[in-house]
Amino acid sequence: MKKPPLIWTNVLLFAVTFLGAIILVPWYGITYGYGFAEWFAFIVLAFASGLSITAGYHRLWSHRTYKAHWSMRFLFALGGALALQNSALHWSSDHRIHHKHVDDNDKDPYSANMGFWYSHIGWMLREYQAQRYHDYKNVRDLQNDKIVMWQHKYYLPLLLIMNFGLPALLGWLNGDVWAMLLMAGLLRLVVVHHCTFFINSLAHIWGSQPYTDKNTARDNGILAVFTYGEGYHNFHHIFENDYRNGINWWHYDPTKWLINTMAWMGLATQLRVTPQERIESAKLQMQLKRTRGRVEQLANREEALEKLHAEYELLKRHISEYYQAHKELLDAKRKQLSNQQLLQKVEQLKQDLIAHKKNWKLLTASYA
Ligand SMILES: [Zn+2]
Ligand SMILES: [Zn+2]
């Protein structure tokens, strides 16, 4: 099959910036050296541009997991231009298709089934899905956002100002324009490019699938460090409306922390979270599926399957009972009703649930 034509702007952009980052940046460092200011600007702009993609382009605009004050949307629009990953409108359109048709080689713009290279960068190098490049039907809601449309319209001047003007200005203030252009401009751009591209490539290849195996998305704590918290991609693909990707407090998810901080300052509202019961049920179902697969190989499989299903149903019932009571307790608290009895009930159900979880863990582990 003949390959679609190359998109030369992208080919040159990625090739030239990459070569510059691996040749020019170290050469300048060895010859003239970099100071604290350049390293500091590199880190600050890497976070500013990366987080504009994850908290802005991704969790705000693509998935609408919260609402943001115009000042934050404005900053995300500038940071997104700095990240040089196309306009928020275009990016979100691609990304919504990715979720809708995940892993479908004909429809998913960066289908992981096409391999690492394609999902990482290859999809942007040729006109693979040219027919829909200017089709923004699936982002009609975003067309009402004046900041999104402003950024889309002035994307070219914005990216030039952010990627050349800003580092040059910082360099001028610090007394070395070239050093700042190379570190906070070039190296930062290439590093953030590939770190965010990892979400489409590695986060669909490397890691675990605790919530679903219906798509290739993986949870990976190591990858989260390089992707501003987007490494919990298996969770994200099943619960895409959740403003969090790493749901536990110890999960490294700076995007979530930024949104939390914004909410605390009154700059983000209506943060959406998945009910804990649904998260636990998805996880449980996945564990059942995996264990069933192993049990079916056993000689006494009928008996073992029966036991497994009985324990599963029991645990499921306890999960639903506990969360039901928990909800009632919250309602009572909201209405300021006396809730001593309910409190005791919830505590009892919680202990029961812990015990059943333990049983389930032992049982599934015995078939591992
Ligand atoms: Zn997404
Ligand atoms: Zn994905």
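The questions and answers below go through a predicted model of a protein, from its overall layout to single residues.

User: How many helices and strands does the protein have?
Analyst: In this predicted model, the C-alpha atoms fill a box of roughly 70 × 60 × 45 Å, taken along the principal axes. Buried residues make up 36% of the 368 residues in the protein. As for secondary structure, the count for the protein is 14 helices and 2 strands.

User: What share of the contacts with a separation of 6 or more is made by residues 24 or more positions apart?
Analyst: Contacts here are pairs of residues whose C-beta atoms lie within 7 Å. Among the contacts with a separation of 6 or more, the share that joins residues 24 or more positions apart is 66%.

User: How far apart are the C-alpha centres of domain 1 and domain 2?
Analyst: The protein is divided into domain 1, which covers 8-269, and domain 2, which covers 276-366. Where the two are in contact, 6 residues of domain 1 meet 4 residues of domain 2, and the side belonging to domain 1 has 4 nonpolar, 1 polar and 1 charged residues. The distance between the C-alpha centres of the two domains is 38 Å.

User: What distance separates the end C-alpha atoms of helix 13, and what span should its 34 residues have?
Analyst: Helix 13 runs over residues 301-334, and the expected span follows from a rise of 1.5 Å a residue. The rise is multiplied by one less than the number of residues, so the helix should span 50 Å. The separation of its end C-alpha atoms agrees with this expectation, being 49 Å.

User: Which residues of helix 13 are buried?
Analyst: A residue counts as buried if 20 or more other C-beta atoms lie within 10 Å of its own. In helix 13, the residues that meet this condition pack against helix 12 (276-295) and helix 14 (340-366). Their names are Leu308, Leu315 and Tyr322.

User: Why is helix 12 described as roughly antiparallel to helix 13?
Analyst: Among the residues that meet are Leu284 and Leu288 in helix 12 and Leu308 and Leu315 in helix 13, and the residues of this contact divide into 10 nonpolar, 4 polar and 5 charged. The axes of the two helices come within 11 Å and cross at roughly 175°. Angles over 145 degrees count as roughly antiparallel, and therefore helix 12 and helix 13 are roughly antiparallel.

User: At what angle do helix 2 and helix 11 pack?
Analyst: Helix 2 (residues 36-62) contributes Leu51, Thr54, Ala55 and Arg59 to the contact, while helix 11 (residues 254-264) contributes Pro254, Thr255, Leu258 and Ile259. These residues divide into 5 nonpolar, 2 polar and 1 charged. The axes are 9 Å apart, and the helices are roughly perpendicular, with a packing angle of about 70°.

User: Where does Leu84 lie, and is this residue buried or partly exposed?
Analyst: Most residues other than glycine have a negative phi. Leu84, although it is not a glycine, has a positive phi of about 55°, and it lies in the loop between helix 3 (70-83) and helix 4 (88-100). Because 17 C-beta neighbours are found inside 10 Å, Leu84 counts as partly exposed.

User: Is Tyr228 buried or exposed?
Analyst: Tyr228 is found in the loop between helix 9 (221-226) and helix 10 (233-238). Its phi is positive, at about 60°, although it is not a glycine. Since Tyr228 has 28 C-beta neighbours inside 10 Å, it counts as buried.

User: Which residues does Ala282 touch, not counting residues up to four places away in sequence?
Analyst: Ala282 is found in helix 12, and with 18 C-beta neighbours inside 10 Å it counts as partly exposed. Its C-alpha atom is separated by 9.7 Å from that of Phe235, a residue 47 residues apart from it along the chain. Leaving out residues up to four places away in sequence, Ala282 touches Tyr211, Thr212 and Ile238.

User: What distance separates the C-alpha atoms of Ile161 and Glu38?
Analyst: Ile161 is found in helix 7 (residues 155-174) and is partly exposed, with 16 other C-beta atoms within 10 Å. Ile161 and Glu38 are 123 residues apart along the chain, and the separation of their C-alpha atoms is 18 Å.

Terms used:
Residues are numbered from 1 along each chain as its sequence is written. Chains are lettered from A and ligands numbered from 1 in the order in which they are written. This is a predicted model: local features need pLDDT of at least 70, side-chain atom pairs count only at pLDDT 80 or more; totals for chains, interfaces and linings use all residues. Domain bounds come from an automatic or database domain assignment. Ala, Val, Leu, Ile, Met, Phe, Trp, Tyr, Cys and Pro count as nonpolar, Asp, Glu, Lys and Arg as charged, and the others, Gly among them, as polar. Helices (H or I, at least four residues) and strands (E, at least two) are DSSP runs, numbered from the N terminus. A residue is buried if 20 or more other C-beta atoms lie within 10 Å of its own, exposed if 12 or fewer, and partly exposed in between; C-beta atoms are placed from the backbone. Axes are lines fitted to C-alpha atoms, for helices over the stretch in contact, and angles run from 0 to 180 degrees between N-to-C directions. Angles under 35 degrees count as roughly parallel, over 145 as roughly antiparallel, 65 to 115 as roughly perpendicular and the rest as oblique.
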